[in-house]
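The exercises below are to be worked with the sequence and the model open side by side. Each task is followed by a solution in steps.

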Amino acid sequence: MLSRILHGTVFTLSLFLPAFLFAAGSGGGTAPLIPQTVWAILSFLVVLFILWKKLLPVILGAMDDRAGKIRDALEAADKAKADAEAAMATHQGNLETARQESRAIIEEGKRDAEKVKAQIVEDAKRESEEISQRATREIELAKESALADLHQQSVDLSIDLAGKLIHKNLSAEDNQALIDETVKGFSDN
């Protein structure tokens, strides 16, 4: 610490020394011992030396720091740009993957819709065939029932008619023989 104070004092005296010497020499009519040009050059050299030793390292350090910060900022910007490009490439890849997946989903939906359509058409055909077959069976049953009814009515009518004819043409003895023969025919079967 003492050496620093000493250096500061020497530095201050060295700055003011040329002015003191110049002022001391210009008091009378005699010419100065050392011309003014030498003192100006000497003062310039002292100031230049002080600037060189004390101020220039600080300026260069500040410039180096600033250059380092700018270099770091450029590197960070390049890294951010590279990261952004990588993210953009990833995003583009994800976007393309999403597009392909959406196309696949749409195609799958179309295939499913076609399957459902085919199933509906097949079910409708099968149902219409079942309805048609059921209607055909019902018609057949109704036809058979109508034929059986018609046959029964014709048998009944024939029996009535035959009975009326037989009543008129047969005697009581013939009726009894016919009944016995019919009952015997039923017993045999």
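**Exercise 1. A salt bridge in a helix**

Task: Find the partner of D83 in a salt bridge, and explain how the two residues are placed along the chain.

Solution. Step 1: The partner is K79; the closest N and O atoms of the pair are 3.3 Å apart. Step 2: The model is a predicted one, and the cut-off for a salt bridge is 4 Å between such atoms, so the D83–K79 distance of 3.3 Å qualifies. Step 3: D83 and K79 are 4 residues apart in helix α2, so about one helical turn separates them. Step 4: Accessibility is read next. K79 counts as exposed because its relative accessibility is 55%, while D83, at 42%, counts as partly exposed.

**Exercise 2. Two further pairs**

Task: State which residues pair with R99 and with R126, and classify each residue as buried, partly exposed or exposed.

Solution. Step 1: R99 forms a salt bridge with E96, with 3.7 Å between the closest N and O atoms. Step 2: R99 and E96 sit 3 residues apart in helix α2, which means about one helical turn between them. Step 3: Partly exposed covers the range between 20% and 50% relative accessible area. R99 is at 39% and therefore partly exposed; E96 is at 31% and is also partly exposed.

Step 4: R126 is bridged to D123, and here the closest N and O atoms are 2.6 Å apart. Step 5: Both R126 and D123 belong to helix α2, with a spacing of 3 residues, about one turn of the helix. Step 6: R126 has a relative accessible area of 38%, so it is partly exposed; D123, with 26%, is partly exposed as well. Step 7: Shared partners also link salt bridges into a network, made up of E96, R99 and R103. Step 8: For the whole structure, the search gives 5 salt bridges.

**Exercise 3. A nonpolar patch**

Task: List the residues of the nonpolar surface patch of about 590 Å², then place L51 in its helix and judge its exposure.

Solution. Step 1: The patch consists of V47, L51, L55, V58, I59, L60 and M63. Step 2: L51 lies in helix α2, which spans residues 36–169. Step 3: The relative accessibility of L51 is 37%, so L51 counts as partly exposed.

**Exercise 4. The chain as a whole**

Task: Describe the secondary structure and surface of the protein chain, and say which helix has the lowest mean pLDDT.

Solution. Step 1: The chain contains 3 helices and 0 strands, giving the pattern α-α-α along the sequence. Step 2: Of its 189 residues, 2% are buried. Step 3: The accessible surface is about 16500 Å², and carbon and sulfur atoms account for 65% of that area. Step 4: Mean pLDDT is lowest in helix α1 (residues 2–25), at 62, and highest in α2, at 87. Step 5: Over the chain, pLDDT averages 80, and 69% of the residues score at least 70.

Definitions and conventions:
Residues numbered from 1 in each chain as written. Predicted model: local features only at pLDDT ≥ 70, side-chain atom pairs only at ≥ 80, totals over all residues. Heavy atoms only, no water. Patch = residues over 30% accessible without salt bridge, like charges linked within 9 Å, V, L, I, M, F, W, Y side chains within 5 Å. Areas by Shrake-Rupley, 256 points an atom, 1.4 Å probe, with all protein chains shown as cover. Salt bridge = Lys/Arg side-chain N within 4 Å of Asp/Glu carboxyl O. Helix = DSSP H or I, 4+ residues; strand = E, 2+ residues; numbered from the N terminus. Buried < 20%, exposed > 50% of the residue type's maximum accessible area, 1.4 Å probe, protein only. pLDDT = per-residue confidence, 0-100.
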